[in-house]
Amino acid sequence: MTVLLTVDVEQDCPPYLETTRGMEEGLPLLLAILKEKGVIATFFVTGEMARKFPERIKEISRSGHEVGCHGDLHQRFDKLGWDQAKDSVVRGTETLEALLNRRPTSFRAPNLQMPTEYMELLENTGYRVDSSIAAYKPPFHRRPFYTGPMLRVPATITSSVLRLPLPLLKSCFKLLPSQPVFFLHPWELVDLSEEQIRLDCRLGTGDRLAENLSYLMDYYKGRGTRFITMQDLYEKQPQVRGDMPAGR
Ligand SMILES: [Zn+2]
């Protein structure tokens, strides 16, 4: 049994805010919780945040977590033309590679929006894992599957679920598949309840998420479940060529 914890590293609640409290306050707190629990995660980082907070991103990598790419700026790929999309993939990738001396191999597009025709851009830039899809959005893939050489890994539930009151969250855990893929953002660990953003974006931000995350890690570890990265998953997932989903 395995579980994946993934983190999209970006400015606070895009596109509503331009602040970076998540990078300054949320990320150090998250890294401390992960360290305390001995859990590894995959961080999808925008090129923009890597340029603004290079030491923070290096710290993620030094702590043993995987650093993947979340595009260059936090822009939806379904709103970008081919050249702009290519530019975002290449620029984000090169920024991370220059910073970490290692080319990222896992990608997640902002807002989990990556048009199928742009998968070629990822493949040509050296990516082997794409997690720009969600089990709760059409076409509702629930398990990882291959598109050509690319392992596609759906996020299981939306990040706001992790900010539910704990009794509700506990009920949700029981309904999840055997290899859940969670995602969250550093800004969700900062109390944004007073910000003028969508209700589902601000509810439960700050302490509640921090407490729920600790619970989540204990819950899965207590069941003998291992936390793995996207790269780990790629290495252990038998490749099924073609566009046939391995399970929906
Ligand atoms: Zn994002």
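**Zinc site, helix packing and backbone geometry**

Pro-139 is placed in the loop that connects β5 (129–130) with β6 (145–147), and in this predicted model the peptide bond that joins Pro-138 to Pro-139 is cis, with an omega of about 5°. A second cis peptide bond runs from Pro-14 to Pro-15, where omega is near 5°, and Pro-15 belongs to the loop between β1 and α1. Most residues other than glycine have a negative phi, and most peptide bonds are trans.

The loop between β1 and α1 also holds Cys-13, a residue other than glycine whose phi is positive, near 35°. Cys-13 has a relative accessible area of 1% and is therefore buried, the limit for a buried residue being under 20%. A positive phi, of about 50°, is likewise found at Leu-112, although Leu-112 is not a glycine. Leu-112 is located in the loop between β4 (106–107) and α5 (119–124), and its relative accessible area of 9% places it among the buried residues.

The metal site is considered next. The zinc ion is coordinated by the OE oxygen of Glu-10 and by the NE2 atoms of His-70 and His-74, at 2.0 to 2.1 Å. Along the sequence, the spacing of these donor residues follows the pattern E-x59-H-x3-H. Both of the histidines, His-70 and His-74, are buried.

Two further buried residues are in contact with donor residues of the zinc ion. Thr-46 occupies the loop between β2 (42–45) and α2 (47–52), and because its relative accessibility is 0%, Thr-46 counts as buried. When neighbours within four places in sequence are set aside, the contacts of Thr-46 are with Val-9, Glu-10, His-70, Gly-71, Asp-72 and His-74; Glu-10, His-70 and His-74 in this list are the residues that coordinate the zinc ion. Asp-8, in turn, is part of strand β1 (residues 2–9) and is buried, its relative accessible area being 3%. With neighbours within four places in sequence again set aside, Asp-8 is in contact with Phe-44, His-70, Arg-108, Phe-183, Leu-184, His-185 and Pro-186, a list that includes the zinc-coordinating residue His-70. The contact with Phe-183 joins positions that lie 175 residues apart along the chain, and the C-alpha atoms of Asp-8 and Phe-183 are separated by 7.2 Å.

Helix packing was examined for three pairs of helices. Two packed helices are described by the angle between their axes and the distance between the axes. Helix α1 (residues 21–37) packs with helix α8 (residues 207–222) at an angle of about 25°, the axes being 11 Å apart. Since angles under 35 degrees count as roughly parallel, α1 and α8 are therefore roughly parallel to each other, and their crossing is right-handed. On the side of α1 the contact is made by Leu-29, Leu-30, Ile-33, Leu-34 and Lys-37, and on the side of α8 by Ala-210, Leu-213, Ser-214, Met-217, Asp-218 and Lys-221. Seven nonpolar, one polar and three charged residues make up this contact of α1 with α8.

Helix α8 also packs with helix α6 (residues 166–175), at an angle of about 35° and with the axes 11 Å apart, and the crossing of α6 and α8 is right-handed. In this pair, Leu-166, Leu-169, Lys-170, Phe-173 and Lys-174 of α6 meet Asn-212, Tyr-215, Leu-216, Tyr-219 and Tyr-220 of α8. By class, the residues of the contact of α6 with α8 divide into seven nonpolar, one polar and two charged.

In the remaining pair, the axes of helix α3 (residues 54–62) and helix α4 (residues 82–100) come within 10 Å of each other and cross at roughly 70°. Because angles of 65 to 115 degrees count as roughly perpendicular, α3 and α4 are therefore described as roughly perpendicular to each other. Pro-54, Ile-57, Lys-58 and Ser-61 of α3 form the contact together with Leu-96, Leu-99 and Leu-100 of α4, and by class the contact of α3 with α4 comprises five nonpolar residues, one polar residue and one charged residue.

Terms used: Residues numbered from 1 in each chain as written. Predicted model: local features only at pLDDT ≥ 70, side-chain atom pairs only at ≥ 80, totals over all residues. Heavy atoms only, no water. Donors = N, O, S within 2.8 Å, 3.2 Å for Na, K, Ca; no water. Buried < 20%, exposed > 50% of the residue type's maximum accessible area, 1.4 Å probe, protein only. Axes fitted to C-alpha atoms, helices over the stretch in contact; angles between N-to-C directions. Helix = DSSP H or I, 4+ residues; strand = E, 2+ residues; numbered from the N terminus. Parallel < 35°, antiparallel > 145°, perpendicular 65-115°, else oblique. Left-handed = near helix turned anticlockwise from the far one by under 90°. Contact = heavy atoms within 4.5 Å. Nonpolar A, V, L, I, M, F, W, Y, C, P; charged D, E, K, R; others polar.
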